[in-house]
Amino acid sequence: SRSLAETMPQLVVPQRSTVNVGSRGHPDICRPCIFHTQGNCTKGEGCGFCHISHPKRPVRFDKLHRETLKRMSFERLVDVMLPVLRQKYEAVMAQMDSETRAVLGGLWTQLGFCVETQGLAA
């Protein structure tokens with residue numbers, strides 16, 4: 001039988017020197033700094049891109065998917081994307097610091113308000 005500590009996922013706690021403005025929301029809502037990975041980011045803590053390592057590249061839409069999304073009406077796009085965004089939002093909120101949670105919560109509230117006032121599916 002494995003202990004509780006062995007079955008829990010391991011959290012990676014970055015060193016303070018690697019945390020910068022762009023690292024907020026790591027790993028789900030940040031964008032990696034290509035200069036930092038090469039060892040030559042000159043912006044340091046003020047860099048708008050993440051300085052924490054990303055083990056794998058996030059899934060991206062291919063060209064066909066991007067073109068399909070571009071052709072959709074706004075209403076259809078909201079209908080397709082809102083459930084996906086809500087699932088992602090709920091999954092990452094527990095991992096965020098309080099400041100990031102507050103910002104994302106405000107954005108999600110605004111999005112919900114816009115959807116309701118436009119009569120779009122939620």
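This is a stop-by-stop tour of the predicted model above, with a selection to make at each step.

**Before you click**

Residues are numbered from 1 along each chain as its sequence is written, and side-chain values use heavy atoms, leaving out hydrogens and water. Because this is a predicted model, local features need pLDDT of at least 70 and side-chain atom pairs count only at pLDDT 80 or more, while totals for chains, interfaces and linings use all residues.

**Stop 1: the whole chain**

Start with a cartoon view of everything. You'll find 5 helices and 0 strands, so the order from the N terminus is simply α-α-α-α-α. Helices (H or I, at least four residues) and strands (E, at least two) are DSSP runs, numbered from the N terminus.

Switch on the surface next. The protein chain exposes about 9,900 Å², with carbon and sulfur atoms supplying 58% of that; the area comes from the Shrake-Rupley method with a 1.4 Å probe, and for residues only the protein chains shown count as cover. Of the 122 residues, 19% are buried. Buried here means under 20% relative accessible area, exposed means over 50%, and partly exposed is in between (1.4 Å probe, protein chains only).

One more number for the whole chain: among contacts with a separation of 6 or more, 60% are between residues 24 or more positions apart. A contact means heavy atoms within 4.5 Å.

**Stop 2: colour by confidence**

Now colour by pLDDT, the predictor's confidence in each residue, from 0 to 100. The mean for the protein chain is 76, and 75% of the residues reach 70 or more. Where is confidence lowest, and where is it highest? The low end is H1, with a mean of 52, and the high end is H3, at 90. Then select residues 11-18: pLDDT stays under 50 there, and the model has 5 contacts beyond four places in sequence for this stretch.

**Stop 3: helix H4 and its kink**

Select residues 74-93, which make up helix H4. Zoom in on Met 81, where H4 has a kink of about 35°. That bend is the angle between axes fitted to the seven residues ending there and the seven starting there. The proline Pro 83 comes shortly after the kink.

Still in H4, show Val 78, Leu 82, Tyr 89, Val 92 and Met 93 as sticks: these residues are buried.

**Stop 4: the nonpolar core**

Keep those sticks and add Met 96, Leu 104 and Trp 108. You now have the largest nonpolar core, 8 residues in all. A nonpolar core is a set of buried Ala, Val, Leu, Ile, Met, Phe, Trp, Tyr and Cys residues joined through side-chain atoms within 4.5 Å. H4 and H5 are the elements giving two or more residues to this core, and H4 gives the most, with 5. In soluble globular proteins, nonpolar side chains tend to be buried together.

Click on Trp 108 by itself. Trp 108 sits in helix H5 and is buried, at 14% relative accessibility. Which residues does Trp 108 touch, not counting those up to four places away in sequence? They are Leu 82, Leu 85, Arg 86 and Tyr 89. Try the distance tool on Trp 108 and Arg 86: they are 22 residues apart along the chain, with their C-alpha atoms separated by 8.4 Å.

**Stop 5: the other end of H5**

Select Thr 100, also in helix H5. Is Thr 100 buried or exposed? Thr 100 is buried, with a relative accessible area of 8%. Leaving aside neighbours within four places in sequence, Thr 100 is in contact with Arg 24, Gly 25 and Ile 29.

**Stop 6: salt bridges**

How many salt bridges are there? The count comes to 3, taking a salt bridge as a side-chain nitrogen of Lys or Arg within 4 Å of a carboxyl oxygen of Asp or Glu.

- **Glu 99 and Arg 24:** the closest N and O atoms are 3.4 Å apart. Glu 99 lies in helix H5 and Arg 24 in the loop between H1 and H2, so the pair ties together parts 75 residues apart in sequence. Glu 99 is partly exposed at 45%, and so is Arg 24 at 41%.
- **Lys 70 and Glu 67:** the closest N and O atoms are 3.7 Å apart. Both are in helix H3, separated by about one helical turn. Lys 70 is exposed, at 63%, whereas Glu 67 is partly exposed, at 31%.
- **Arg 76 and Asp 79:** here the closest N and O atoms are 3.0 Å apart. The two residues are 3 apart in helix H4.
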